[in-house]
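Subject: Structure handover

Hello,

Please find the structure below, with notes on what was found in it. The notes follow after the display.

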Amino acid sequence: MTLARADWLEARAAANEAGLSHPRGLELVPLGDAVGHTLADDVRSPGRVPGFDASAMDGWAVSGDGPWTLGEPIVAGRAVDATPLAPGTARPVTTGAAVPRGTARVLRSESGRIERGMLVSTDEAASGPSHPGSRPAPRHIRRAGEEAEPGDLLFEAGTLLTPPRVAVAAVCGLDALPVVRPPRAALAVLGDEIVGEGLPQPGFVRDVFSVQVPSILRSLGADPVSSDRVGDRLDATVAALDRPDVGLVVTTGGTAHSSADHVREALARLGAELVVDRVAMRPGQPLLLARRGETLYLCLPGNPMAALVGLVVVGVPLIEGLLGRRHRLPGRVVLATGVEHPRPGVLVQAFRATDEGAVAMPRQSSAMLRGLADASGLLVVPDGGARAGDVVPAIDLPW
Ligand SMILES: Nc1nc2c(c(=O)[nH]1)N[C@H]1C(S)=C(S)[C@@H](COP(=O)(O)OP(=O)(O)OC[C@H]3O[C@@H](n4cnc5c(N)ncnc54)[C@H](O)[C@@H]3O)O[C@H]1N2
Ligand code: MOO
């Protein structure tokens, strides 16, 4: 089924679904390379964390009530001493070192002192037996298994591996993680007027996509394998789109209906099925999403801001889906100033976050980039416009 002139939220959901229903490869990556990947499988903890009862402070492991007889120091980085701590004794201990069996608590170094060879507590609250109603002295012991037990589900398949998640995998004793193999992506930048370097002659424009879209695709988790500029000819467009070797083809330009626009016809010649045929939003309205075999097509309009809006609004949930991630509904921002929008469909605006709320950036239009360049995010103004103080959906920028 094709969504024609799709609602922007429906277009996002359809793109995410199209990605999710695509085949995914799996690979094992060492933890050092895992940040930014997406888990291909559930991950359980092989170990217990902490693996042993450990001191949370520098001080003394004590057993029973003080004063305590002093024993040998315990230091971190040694195998656990099997000898239990006898009541009435204390052993100096460093933060993170294993406390012996029989340890009641750890007395912090600033809460005790040595008097005539014995350790005495200088901490009123922590000294001696507790009285009814008194607060128990803090134990300062990290209990074995308090963070994870063997077999605990740490993360589900489809979880984005952020730095702290990779650190959790490390602390649980994992060395590698099963991740989704980055989907191969090809970029085709269409247009006879596009030049790749220098200051263009009148009638030509500098290509704004080759310099950034592959980086965006990579940062989203795809593997951009090629980037080509393609002239405004149907046969060249068909050849550029005939890429069964990649999971995703992104094109820019050529989506409209002029004699120089061949994307629709090329998709039809290749037998691709349209999933989304335009989105009821501006800029970015002519966007197409299509599928042919194991290749998805994200065809972005040529106008620079329109293409980037399409990539953020629809391309991000599409790639999230290819990686096995369900997309989240957008957050919301309060508008600091009203935005007029008398036309049908939503208006997407680059905005800057301020103390008063979101303010639309100057110098933005379908064909401009400077407003977007300095924006905090994209906000979505409904059909009919919005007033200062209204709360509207907002989408994070992926860079
Ligand atoms: N009669 C109509 N004309 C247009 C309509 C319409 O509904 N009826 N829609 C307009 C909208 S909205 C957009 S968006 C564009 C979409 O056009 P295409 O996707 O076919 O893009 P092009 O025509 O190839 O290019 C549009 C514009 O963007 C510039 N461009 C293209 N590629 C690049 C690039 N790599 N770097 C920099 N700039 C690029 C191109 O030079 C054009 O100025 O159609 C409207 N027209
Ligand atoms: O919809 Mo166009 O995408 O405004 O530039």
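I start with the loop between strand E3 (43–44) and strand E4 (54–55), where Pro-50 has its place. The peptide bond that joins Val-49 to Pro-50 is cis, with omega at about -10°. Please bear in mind throughout that this is a predicted model.

A second cis peptide bond is worth listing with that one: Arg-282 and Pro-283 are joined in this way, and omega is again about -10°. Pro-283 belongs to the loop that runs between strand E20 (281–282) and strand E21 (288–292). Pro-283 also appears among the residues around ligand 2, to which I return below.

One further backbone item concerns Arg-5. Its phi is positive, about 45°, although Arg-5 is not a glycine. This residue is part of strand E1, which covers residues 3–6.

Domains

The protein is divided into four parts, two of which are assembled from separate segments of the chain: domain 1 (3–25 + 182–322) and domain 2 (35–48 + 149–180). Domain 3 (50–146) and domain 4 (331–396) each have a single range. Between the C-alpha centres of domain 2 and domain 4 the distance is 37 Å.

Ligand 1

Around ligand 1 there are 19 residues, and the ones that come nearest are Glu-193, Asp-207, Thr-255, Ala-256 and Gly-302. By type, the shell consists of 10 nonpolar, five polar and four charged residues.

Which atoms of ligand 1 pair with Val-208, and at what distance? A nitrogen atom of the ligand lies 3.0 Å from a polar backbone atom of Val-208. An oxygen atom of ligand 1 is 3.1 Å from a polar backbone atom of Gly-254. With Asp-261 the partner is in the side chain: one of its N or O atoms is 3.0 Å from an oxygen atom of ligand 1.

On its own, ligand 1 has 860 Å² of accessible area, and the protein covers 63% of this. Two elements give two or more residues to the shell around ligand 1, namely strand E16 (205–206) and helix H6 (304–322). The space that ligand 1 takes is the second largest pocket.

Ligand 2

The space taken by ligand 2 is likewise given as the second largest pocket. The residues around this ligand are Pro-283, Gly-284, Gln-285, Pro-286, Asn-303, Ala-306 and Ser-366. They divide into three nonpolar and four polar, with no charged residue.

Ligand 2 has polar partners in both backbone and side chain. An oxygen atom of ligand 2 lies 2.6 Å from a backbone N or O atom of Gly-284, and for Gln-285 a polar backbone atom is 3.0 Å from an oxygen atom of the ligand. On the side-chain side, an N or O atom of Asn-303 is 3.4 Å from an oxygen atom of ligand 2.

Regards

Conventions
Residues numbered from 1 in each chain as written. Chains lettered and ligands numbered in written order. Predicted model: local features only at pLDDT ≥ 70, side-chain atom pairs only at ≥ 80, totals over all residues. Heavy atoms only, no water. Near = heavy atom within 4 Å. Polar contact = N/O pair within 3.5 Å; in protein donor to acceptor, adjacent residues only side chain to side chain. Areas by Shrake-Rupley, 256 points an atom, 1.4 Å probe, with all protein chains shown as cover. 1 Å grid on protein atoms, 1.4 Å probe; cavity = no way out; pocket = protein on both sides within 12 Å on 5 of 7 lines; lining within 4 Å. Sits in = over half its atoms within 2 Å of the grid points. Helix = DSSP H or I, 4+ residues; strand = E, 2+ residues; numbered from the N terminus. Nonpolar A, V, L, I, M, F, W, Y, C, P; charged D, E, K, R; others polar. Domains from an automatic or database assignment.
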